[in-house]
Amino acid sequence: MRLKTLSLLLLLALTTACTSRYSDGWQPDRYDDPAPESKPEAPSKPVAKSEPKPEVKPEAKPEIKPGQPQDVLFSLNDQFRTAYKAAREDVLRNETYALVLSESVVFYRGAMRREVIYTPARYHELKAIAHIPLALYAMLASGVNEEKLAALAKYRDSVTASRATLSKRGFDEKTLKRQEAIFANSQSLIDRVLTSKKCDAADLAAYTTAMAPLLLLNAFDAAKAQLEGLNAAFGEWINTLTAEERAAYHIVISGSHQAREKNAQMTYGRALLPEEGAIEQRLIFGESCFDETSCRNLLGTHLLDGAASKAFFDDALRLQYDLLGDAAGEIVPKLKLPK
């Protein structure tokens, strides 16, 4: 039962992507973990003494001392990056494309730029309410202590205050009843834990099982509101394009790795630009590209690599996979792998 419940919660977390700043709407906000402090290695166990073997070190670049000029060969890489960046801007100069971000879609026709907010407030309301059971699961799944109980009491105050605003948000009767059920069940669970100062595993499992279908209904309504807004924005933009532009425009979908499969905006993009398989041609998934600049750079790289691939290999898709990939396919099977 707990495994089924957890699976449903994870399904909810992956439903309706691109819904926060980081395009994965039912996931907690992304943050960068600080680098872990280095720890001293544990002392090794005594081993039988053997003849010392010469240490094999990987080949390293020549050491450049302060004041000593850099090796001219390695400077070629820096000059390549500079030239590549300029060429990437050149290929975008006259392109027609759309960058689908978490809240807005940015349309380009050459130098003309237009941004449209397509994610409505209703989406965020449904998302915030759906996060209540997920937040409680995160707080309680591993047990409680004094610190967690204090945080839970504070969270209850926020839940109570939020519940009082439901009648003012314009939900229809059926949707309002669902939100009330999520709040009521959640507050009851919080009260039981605060009273007993413990979280019963069976109680938490029953709660998550009861909440799962309600969360999925919220996810459906939120996705509907967001995708209808996205469709309206694209409809208005596409109507301004020439037949030639309609046949050639590109779309970049901003998203995260974890929510890539069944990404809501990617599903919409595939309906506009059907493409089969893993090779991306006009529809591109911007994994971990969370802003306009990174999505735009990705499209520039995609277009420039396609042109270079055609020029060098007579195959516009060759650089869609690693240039070292063919070599690796031959080399790795011949390596004596560690066991």
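Residues under 20% relative accessible area are taken as buried, those over 50% as exposed, and those in between as partly exposed. By this cut-off R178 is buried, because its relative accessibility is 10%. The model discussed here is predicted.

The chain contains 10 helices and 5 strands. It has 339 residues, of which 35% count as buried. Its accessible surface is about 21,800 Å². Carbon and sulfur atoms supply 58% of that surface. Contacts across the sequence were also counted. Among contacts with a separation of 6 or more, 67% join residues 24 or more positions apart.

Helix 9 covers residues 292-313. Its 22 residues should span 32 Å at 1.5 Å a residue. The C-alpha atoms at its ends are 31 Å apart, so the expected span and the model agree. At the start of the helix, a side-chain oxygen of D291 comes to within 3.3 Å of the backbone nitrogen of T293. Just past the other end, D314 adopts a positive phi of about 55°.

The buried residues of helix 9 are E292, C295, R296, L299, G300, H302, L303, L304, G306 and S309. Both charged and nonpolar residues appear in this list, including E292, R296, L299 and L303. The cover over these positions includes one helix, helix 2 (72-92). It also includes strand 1 (96-100), strand 2 (104-109), strand 3 (112-117), strand 4 (250-255) and strand 5 (283-287).

F312 also belongs to helix 9. Its relative accessibility is 67%, over the 50% cut-off, and F312 therefore counts as exposed. F312 joins F313, L323 and L324 in a nonpolar surface patch. Together the four residues of the patch have about 480 Å² of accessible area.

E292 lies in helix 9. Its relative accessible area is 18%, under the 20% cut-off, so E292 is buried. Leaving aside neighbours within four places in sequence, E292 is in contact with L99, L101, V106, Y108 and R113. With R113 the side chain of E292 forms a salt bridge, at 2.8 Å from N to O. R113 lies in strand 3 and E292 in helix 9, so this pair ties together parts that are 179 residues apart in sequence. The partners differ in exposure class: R113 is partly exposed because its relative accessibility is 41%, whereas E292 is buried at 18%. The pair is also part of a network of salt bridges that links R113, E115 and E292.

The structure holds 16 salt bridges. One of them joins D221 and R178, with the closest N and O atoms 3.0 Å apart. D221 lies in helix 6 (residues 201-238) and R178 in helix 5 (residues 173-196), so the pair ties together parts that are 43 residues apart in sequence. D221 is partly exposed, because its relative accessible area is 23%. R178, at 10% relative accessibility, counts as buried.

Another salt bridge is formed by E125 and R122. Their closest N and O atoms are 2.4 Å apart. Here both partners lie in helix 3 (residues 121-140). They are 3 residues apart, about one turn of the helix. An α-helix has 3.6 residues a turn, so residues three or four places apart point the same way. E125 counts as buried because its relative accessibility is 17%. R122, at 26%, counts as partly exposed.

E245 is a further buried glutamate, with a relative accessible area of 18%. E245 lies in helix 7, which covers residues 243-246. A polar contact of 2.7 Å joins its side chain to that of R109. Beyond neighbours within four places in sequence, E245 is in contact with T96, R109 and T240.

How values were computed. Residues are numbered from 1 along each chain as its sequence is written. This is a predicted model: local features need pLDDT of at least 70, side-chain atom pairs count only at pLDDT 80 or more; totals for chains, interfaces and linings use all residues. Side-chain values use heavy atoms; hydrogens and water are left out. Patches are made of residues with over 30% relative accessible area and no salt bridge: like charges are joined within 9 Å, nonpolar side chains (Val, Leu, Ile, Met, Phe, Trp, Tyr) within 5 Å. Accessible areas come from the Shrake-Rupley method with a 1.4 Å probe; for residues, only the protein chains shown count as cover. Helices (H or I, at least four residues) and strands (E, at least two) are DSSP runs, numbered from the N terminus. Buried means under 20% relative accessible area, exposed over 50%, partly exposed in between (1.4 Å probe, protein chains only). Contact means heavy atoms within 4.5 Å. The expected span of a helix is 1.5 Å times one less than its number of residues. A polar contact is a pair of N or O atoms within 3.5 Å; within protein, one must be able to donate a hydrogen and the other to accept it, and residues adjacent in sequence count only if both atoms are side-chain atoms.
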